[in-house]
Amino acid sequence: MTHTYHIDGMTCSGCQAKVQGLLSKVKGIDRVSIDLNKEEALLEMSRHIPVTDLQEALKEYPKYQLSAPVSKPNPKEFIVAEEARKSWLATYFPIILVFGYILGITLTIDLFNGPFFWMPWMNHFMAGFFLIFSFFKLLNLEGFADSYSMYDIIAKKWKGWGYVYPFVELGLGMSFLSGFHPVFTNTATFILMSVSLVGVLQSVLNKRKIKCACLGAIFDLPMSTLTIIEDTMMIGMSVTMLLLLF
């Protein structure tokens, strides 16, 4: 069943991510979709949940005021409408565009500056990956931290990790760009992305319909196998470079 609720007090994407994260933790809720412009939250739930329980989930943030359902759409109609509104390409266009930029720029650099070698190209690609992805996360650090705490195994236990993570990515990007201690940089990348992948796998395999925070809180990207591919690719590159270094 699904219900739509009105929520006052949401003013930005950070508020959107905060409310989505808090409501997603309520037992019995399978999906939370927030429309910031309409100030509405559409909740898909496996059982009836009293309004008071939902209000209780938001009690630590008094500015968010949830009121009774304004409509009760059919869950199947909601799912069909959501899928019809956005095609796969439209949904993931931001991350595809970012990867295309990184791939195109790094290939241009390495193909037109002497013989092409895999090692320098992977260094440039990973530098671009971490620098650009950290940039989007830092645009709304609080919103990213809220979204990340919904699925990352460390951020779930310590929300502060969501505030630290973008700076770790930024540091790795600078390290790859400058060639700083390749063994340390690639080992750190392998550990970081492996830990991140665990939370992503758990969410995808459990079919949790939550927001992916890979590009921060700026874009509404659902968690999917594309996120698994992204993390696995970075793990594979770090391992490859470690093997080439020995």
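Is Phe 136 buried or exposed? In this predicted model, Phe 136 comes out as buried, with a relative accessibility of 16%. The cut-off for that label is under 20% relative accessible area, so Phe 136 falls on the buried side of it. Its sequence neighbour gets another label: Phe 135, at 46% relative accessibility, counts as partly exposed.

Aromatic pairs turn up 18 times in the structure. One of them joins Trp 118 and Trp 121, whose ring centres sit 5.7 Å apart; with the planes at 80 degrees, the pair is edge-to-face. Both residues belong to helix H5, which covers residues 118-139, and because they are three residues apart there, about one helical turn separates them. As for cover, Trp 118 is exposed, at 58% relative accessible area, whereas Trp 121 is buried, at 7% relative accessibility. Phe 135 and Phe 136 also make an edge-to-face pair, in this case with 5.4 Å from centre to centre and 70 degrees between the planes. Here the partly exposed ring is that of Phe 135, and the buried one is that of Phe 136.

Trp 118 and Trp 121 turn up again in an aromatic cluster. Its other members are Phe 99, Phe 116, Phe 125, Phe 129, Phe 130, Phe 133 and Phe 176.

Next comes the surface. Helix H4 runs over residues 88-111 and includes Tyr 101. With 53% relative accessibility, Tyr 101 is classed as exposed, since that label calls for over 50%. Tyr 101 also helps make up a nonpolar surface patch of about 810 Å². Alongside Tyr 101, the patch takes in Trp 88, Leu 89, Phe 93, Ile 96, Leu 97, Ile 105 and Ile 109.

What about a residue away from the surface? Ser 203 is buried, and its relative accessible area is just 1%. Ser 203 is part of helix H8, made up of residues 182-205. A polar atom of the Ser 203 side chain lies 3.1 Å from the backbone oxygen of Gly 199. Which residues does Ser 203 contact, once neighbours within four places in sequence are left aside? They are Tyr 151, Arg 208, Ile 210 and Met 223.

Technical notes
Residues are numbered from 1 along each chain as its sequence is written. Side-chain values use heavy atoms; hydrogens and water are left out. Patches are made of residues with over 30% relative accessible area and no salt bridge: like charges are joined within 9 Å, nonpolar side chains (Val, Leu, Ile, Met, Phe, Trp, Tyr) within 5 Å. Accessible areas come from the Shrake-Rupley method with a 1.4 Å probe; for residues, only the protein chains shown count as cover. A salt bridge is a side-chain nitrogen of Lys or Arg within 4 Å of a carboxyl oxygen of Asp or Glu. Helices (H or I, at least four residues) and strands (E, at least two) are DSSP runs, numbered from the N terminus. Buried means under 20% relative accessible area, exposed over 50%, partly exposed in between (1.4 Å probe, protein chains only). A polar contact is a pair of N or O atoms within 3.5 Å; within protein, one must be able to donate a hydrogen and the other to accept it, and residues adjacent in sequence count only if both atoms are side-chain atoms. Contact means heavy atoms within 4.5 Å. Rings of Phe, Tyr and Trp (its six-membered ring) pair if their centres lie within 6.5 Å; planes under 30 degrees apart count as stacked, over 60 as edge-to-face and the rest as tilted.
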